[in-house]
Amino acid sequence: MAYEKESISVTNLSKIFHTTSGEITALQDISLSIGEGEFFCIVGPSGCGKTTLLRILAGLDSSSGGTISLKTTNVDRPINSMVFQEQSIFPWMTVIDNVSYGLRMRNIPKKERYEIANHYIEMIGLSKFTHAYPSQLSGGMKQRVSVARAFANDPEILLMDEPFGALDEQNRILLQHELLRIWEEARKTTVFITHSIDEALCLGDRIMVMSANPGMIKTIITNDLPRPRKISEIRTSLQYNQLFQSIWQILRDEVTNSKANSSTEEKSNY
Ligand SMILES: Nc1ncnc2c1ncn2[C@@H]1O[C@H](COP(=O)(O)OP(=O)(O)OP(=O)(O)O)[C@@H](O)[C@H]1O
């Protein structure tokens with residue numbers, strides 16, 4: 001899918017960590033362009049720099065070289081909202097106060113922020129728990145609250161680091177459905193890390209496959225499965241299976257190489 005406007009531009013980005021046992025090149029020569037409203041997925045072997053890239057985009061870490069540029073359209077909105085794998089909601093706040101937290105920080109009046117929060121709480125199916133505390137919720141429900149909070153913030157871009165990785169399959173599928181529904185409505189530029197090719201194919205417009213040691217872009221695949229997507233239906237399509245196979249072939253080689261490298265490193269440490 002071609003995008004009229006660019007939302008994220010990354011040029012020759014690199015990141016080197018200096019550790020007591022030497023330098024780790026987490027990212028090398030990363031250049032990419034993500035369109036406004038695009039759902040961009042990243043897959044790759046463990047340690048290929050996915051989280052590092054997201055953290056740099058979020059401004060939580062600095063790069064060692066290269067440039068990133070995040071296009072902003074409205075100065076009153078936050079540039080990004082991040083959803084992590086671990087639930088990161090405040091245990092002392094109710095669901096509605098968690099979801100509307102970012103809006104409160106921006107001094108949006110209570111009535112308005114509750115209206116916005118209620119909209120997303122309804123979309124994630126937690127209306128009955130609006131005034132409940134996180135201790136009364138399951139892991140999947142807490143993760144739903146994180147997703148609702150990220151959307152309620154109305155950021156320019158959403159950065160999601162394996163947000164459903166810790167969930168059981170039923171909750172994961174339900175949340176994928178809900179995320180797709182909210183994204184279809186809001187069309188936020190989204191960068192989404194996952195270990196699952198299936199999840200990337202269900203959600204993404206493009207899928208970037210990374211290689212490890214050093215973390216680089218292996219390839220970027222366009223996922224032209226039609227939207228709006230019904231997860232149960234697309235999985236049975238020939239197109240899905242062809243895309244799955246081509247990504248798996250690339251990824252399998254990368255995971256094998258990365259495991260071979262890390263076991264050599266482990267041996268050389270002994
Ligand atoms: N703060 C840090 N200090 C030193 N090395 C780090 C630091 N953060 C990450 N690394 C190293 O950088 C590389 C990339 O790590 P990163 O967490 O970005 O990978 P990843 O692809 O997200 O991995 P995973 O899929 O396992 O979460 C790894 O070799 C990791 O050990």
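In the predicted model, six strands assemble into an open sheet of mixed pairing, with the strand order β5-β6-β7-β3-β8-β9. The edges of this sheet are formed by β5 (80-83) and β9 (216-222), each of which pairs on one side only. From one strand to the next, the twist averages 20 degrees. Strands of a sheet pair through backbone hydrogen bonds, in either a parallel or an antiparallel sense. For strand β3 (residues 39-43) and strand β7 (residues 189-193) the sense is parallel, and the pairing extends over four bridges. Within this pair, Phe39 is placed opposite Thr190 of β7.

Helix α1 (residues 50-57) lies across four strands, namely β3, β6 (157-161), β7 and β8 (206-211). Relative to β7, helix α1 runs at about 150 degrees. Helix α1 also contributes three residues to the shell around the ligand, the largest share of that shell. The ligand is surrounded by 13 residues, of which Phe17, Ala26, Ser46, Thr51 and Thr52 come nearest. Two or more residues of the shell are given by each of β1 (6-19), β2 (22-35) and α1.

Helix α4 comprises 14 residues (residues 110-123), for which a rise of 1.5 Å a residue predicts a span of 20 Å; the C-alpha atoms at its ends are 20 Å apart, in agreement with that expectation. The buried residues of α4 are Arg113, Ala117, Tyr120, Ile121 and Met123. These residues lie on the same side of α4, because the arc that they cover around the axis is only 160 degrees. The packing partners of this buried set are α2 (95-99), α3 (101-105), α5 (139-152) and α6 (169-186). On the face of α4 turned away from the buried side, the exposed residues Lys111, Glu112 and Glu122 are found. Just after α4, Gly125 adopts a positive phi of about 70 degrees.

Lys259 is located in helix α9 (residues 238-269). A residue is classed as partly exposed when its count of other C-beta atoms within 10 Å falls between the limits of 12 or fewer for exposed and 20 or more for buried. Lys259 has 13 such neighbours within 10 Å and is therefore partly exposed. Although Lys259 and Pro45 are 214 residues apart along the chain, their C-alpha atoms are separated by 8.7 Å.

Note on methods
Residues are numbered from 1 along each chain as its sequence is written. This is a predicted model: local features need pLDDT of at least 70, side-chain atom pairs count only at pLDDT 80 or more; totals for chains, interfaces and linings use all residues. The expected span of a helix is 1.5 Å times one less than its number of residues. The arc is that of the directions from the helix axis to the C-beta atoms. Two residues are in contact if their C-beta atoms, placed from the backbone, lie within 7 Å. Two strands pair if DSSP finds at least two bridges between them. Axes are lines fitted to C-alpha atoms, for helices over the stretch in contact, and angles run from 0 to 180 degrees between N-to-C directions. A residue is near a molecule or strand if its C-beta atom, placed from the backbone, lies within 6 Å of it.
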